[in-house]
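Hi everyone, thanks for coming. I'd like to walk you through a structure that may be new to most of you, so please have a look at it first.

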Protein chains: 2
Amino acid sequence: MTPVGLIGLGIMGRPMAGHLLRAGHPLTIYNRTAGRTTELAAAGARVAGSPAEVAAAAEVILIVVTDSSDVEEVVEGARGVLSAVRPGSVVVDMSTISPATEKRLDGRLRERGACLIDAPVSGGDVGARNATLAIMAGGDPLALERVRPILERLGKSITHCGEVGSGQLAKLCNQILVGVTLLGVSEAIAFARRSGLDPEVMIRAVESGAAGSWQLSNLGPRILRGDFAPGFMVDLMQKDLRLVLETVAASGAPLPATALLRELFLSAQAHGEGRQGTQILGRVVERLSGAS
Amino acid sequence: MTPVGLIGLGIMGRPMAGHLLRAGHPLTIYNRTAGRTTELAAAGARVAGSPAEVAAAAEVILIVVTDSSDVEEVVEGARGVLSAVRPGSVVVDMSTISPATEKRLDGRLRERGACLIDAPVSGGDVGARNATLAIMAGGDPLALERVRPILERLGKSITHCGEVGSGQLAKLCNQILVGVTLLGVSEAIAFARRSGLDPEVMIRAVESGAAGSWQLSNLGPRILRGDFAPGFMVDLMQKDLRLVLETVAASGAPLPATALLRELFLSAQAHGEGRQGTQILGRVVERLSGAS
């Protein structure tokens with residue numbers, strides 16, 4: 001079976017490594033902070049001392065870190081993937097980062113005879129644990145076919161979105177949709193409460209029609225219960241919205257609701273709620289009207 | 001069977017009258033503009049010369065008109081429902097109007113021994129034709145039970161939301177959700193197009209996950225095809241958003257995304273697109289960036 005490398009063992013990377021080991025792939029892992037490797041090592045993973053060591057041992061190298069600068073460090077840093085990648089290898093970046101950075105890194109990998117697939121995911125830590133992630137992939141179609149059997153161990157849907165960077169673009173669209181829909185949910189709940197309508201009855205009355213959304217049915221009830229545990233953290237959403245607005249700034253296209261959304265999440269961060277789930281937006285909107 | 005009256009024979013009222021006739025209800029109808037009654041008269045409806053005549057003939061009086069002032073005219077105007085309503089009758093207002101107006105009219109009807117149920121609907125003209133409307137009802141529970149068998153001829157779900165006016169409040173929440181979700185869809189599509197991602201691929205990649213909504217799956221493809229036929233007209237959505245902002249203004253609660261939405265639909269109206277479907281919002285957002 002294809003030897004696989006996995007760099008980044010956070011709440012997403014760790015369960016993914018487990019799925020690959022159980023599928024029988026020889027797996028080499030690396031994490032910037034040591035200690036997260038113990039359990040996986042006991043389950044059969046080889047622990048590398050650097051991204052370069054991972055690249056030397058694997059034909060397919062998955063990266064699951066946080067931001068553009070983290071991926072750049074992993075690929076281009078001292079003892080990075082680039083310094084040891086084998087010709088023919090495919091680097092699959094599953095982090096959510098700048099589409100422009102993915103294009104640049106693909107160019108550098110191609111100079112070494114390798115290439116990059118950007119493959120950000122949606123579905124969160126639950127999706128990573130249950131291998132039900134939706135994977136949005138950009139890059140060379142042949143390279144994607146080569147890594148598809150590996151990605152199928154991690155997710156339930158893999159959509160080829162276009163050239164390198166287009167997976168990231170689709171993910172950013174996903175975040176616009178998730179966030180603005182949640183803002184509508186937050187305002188509808190605030191309106192209901194403020195005007196004396198039971199918001200639980202409201203959700204039941206409208207969710208099966210044209211007002212229906214995943215956000216309403218799944219995060220609406222959490223807002224009503226005051227359950228703000230993440231799910232998906234405000235700080236990470238803000239990073240993604242920053243990527244959206246940076247990406248679109250180059251073309252001068254205004255996205256007023258997305259910009260508003262970022263300001264409101266900024267208010268959550270200002271209240272020390274950056275590590276709460278995105279549904280804290282419900283509280284942010286209620287706070288606008290003087291409710292605590 | 002209960003004698004029913006129906007006032008307002010627009011694209012919603014006409015098919016509703018048909019369902020009631022087919023169910024065997026003695027039906028008395030009235031429309032401000034004559035001529036719309038011919039077909040229904042041929043099918044067995046009795047045509048009244050005023051709302052008062054409808055009220056004199058019926059025990060349950062459905063009103064299906066447009067705005068608060070229309071309902072006030074029907075109920076309180078010269079030869080209005082109020083002048084002839086029978087004690088024990090129930091007036092069911094299925095228009096989308098101000099919750100405060102419904103409360104006031106209920107008070108006036110109660111002085112005559114009758115009462116009001118507000119029962120706005122979602123599902124549009126298609127829902128009216130197929131009798132699949134979602135009906136959000138507010139008012140006395142016993143009065144609702146009395147008219148429920150009639151409403152069941154018209155819709156697939158009837159939710160009791162609370163006291164008089166709460167059906168309207170739920171409908172306004174529905175409109176906040178519908179509109180703000182559609183704004184997210186419009187921005188995601190604009191972002192995709194502007195950054196070179198195929199928006200059709202994008203919708204397919206994300207619609208089954210946390211970004212999913214009725215608006216994305218149903219109106220997204222229409223935006224992509226440039227199909228702006230209503231569905232639900234911008235002018236009517238603006239009326240409903242005005243009701244939202246008027247209703248909430250009394251309590252001083254800011255709803256920034258809803259307010260933004262109204263401004264953007266105002267731009268559609270300024271471009272002569274008030275009679276297009278709400279999905280014209282996709283074009284409004286693209287126009288912000290200089291695309292036509």
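Let's begin with one residue: where in chain B is B:Arg112 found? B:Arg112 sits in the loop between α5 and β6 of chain B. Before I say more about that spot, please keep in mind that what you see is a predicted model. Its scores are ipTM 0.95 and pTM 0.95. For chain A, the average pLDDT is 96, and 99% of the residues score at least 70.

Back to our arginine. Is B:Arg112 buried, partly exposed or exposed? B:Arg112 counts as partly exposed, because its relative accessibility is 37%. If we set aside the neighbours within four places in sequence, B:Arg112 is in contact with B:Leu82, B:Ser83, B:Val85 and B:Pro87. To get a feeling for distance, take B:Val178: it is 66 residues from B:Arg112 in sequence, and in space the two are 38 Å apart, C-alpha to C-alpha.

Now let's step from that loop into the strand β6 of chain B, which covers residues 115-118. Strand β5 of chain B, residues 90-93, pairs with β6(B) in the parallel sense, over four bridges. Within this pairing, B:Val90 stands opposite B:Cys115. How does the chain get from β5(B) to β6(B)? The chain passes through helix α5, residues 99-111 of chain B, and this β-α-β crossover is right-handed.

A short general reminder: in a regular strand, side chains alternate between the two faces of the sheet. In β6(B), B:Cys115 and B:Ile117 are on one side, with B:Leu116 and B:Asp118 on the other. These four residues are all buried, and both faces of the strand are covered.

Next, salt bridges. How many does the structure hold over all chains? The count is 36. Let me show you a few of them.

In chain A, the side chains of A:Glu76 and A:Arg108 meet in a salt bridge at 2.8 Å, N to O. This pair links distant parts of the chain, with A:Glu76 in helix α4 (residues 68-76) and A:Arg108 in helix α5 (residues 99-111), 32 residues apart. A:Glu76 has a relative accessible area of 27%, so we call it partly exposed. A:Arg108 is partly exposed too, at 34%.

Over in chain B, B:Arg104 and B:Glu72 form a salt bridge through their side chains, at 2.9 Å, N to O. Here B:Arg104 belongs to helix α5 and B:Glu72 to helix α4 (residues 68-76) of chain B, again distant parts of the chain, 32 residues apart. B:Arg104 is partly exposed at 38% relative accessibility, and B:Glu72 is partly exposed at 24%.

A further example stays inside one helix. B:Asp125 and B:Arg129 both lie in α6 of chain B, residues 124-130, four residues apart, which is about one turn of the helix. Their side chains meet in a salt bridge at 3.5 Å, N to O. Why does B:Asp125 count as buried? Its relative accessibility is 19%, and buried means under 20%. B:Arg129, by contrast, is partly exposed at 48%. Back in chain A, salt bridges that share partners join A:Glu72, A:Glu76, A:Arg104 and A:Arg108 into one network.

What about the place where the chains meet? The contact takes 53 residues from chain B and 53 residues from chain A. Together the two chains bury about 4500 Å², 74% of it on carbon and sulfur atoms. On the chain B side, B:Leu177, B:Glu187 and B:Phe191 lose the most area to chain A, together 16% of what that side buries. And how many salt bridges does the rule find across this interface? Zero.

Let me finish with a few backbone details in chain A. Helix α1, residues 13-22, is mostly covered, with eight of its 10 residues buried; among them are A:Met16, A:His19 and A:Leu20. Just after this helix, A:Gly24 takes a positive phi of about 95 degrees. Most residues other than glycine have a negative phi. A:Arg79 is not a glycine, yet its phi is positive, about 60 degrees; this arginine lies in the loop between α4 and β5 of chain A. A:Ala131 also has a positive phi, near 55 degrees, and is found in the loop between α6 and β8 of chain A.

Thanks for listening!

Conventions: Residues numbered from 1 in each chain as written. Chains lettered and ligands numbered in written order. Predicted model: local features only at pLDDT ≥ 70, side-chain atom pairs only at ≥ 80, totals over all residues. Heavy atoms only, no water. pLDDT = per-residue confidence, 0-100. Buried < 20%, exposed > 50% of the residue type's maximum accessible area, 1.4 Å probe, protein only. Helix = DSSP H or I, 4+ residues; strand = E, 2+ residues; numbered from the N terminus. Pairing = 2+ DSSP bridges. Right-handed = clockwise from strand over helix to strand, strands pointing away. Salt bridge = Lys/Arg side-chain N within 4 Å of Asp/Glu carboxyl O. Contact = heavy atoms within 4.5 Å. Buried area = accessible area lost by both parts, 1.4 Å probe.
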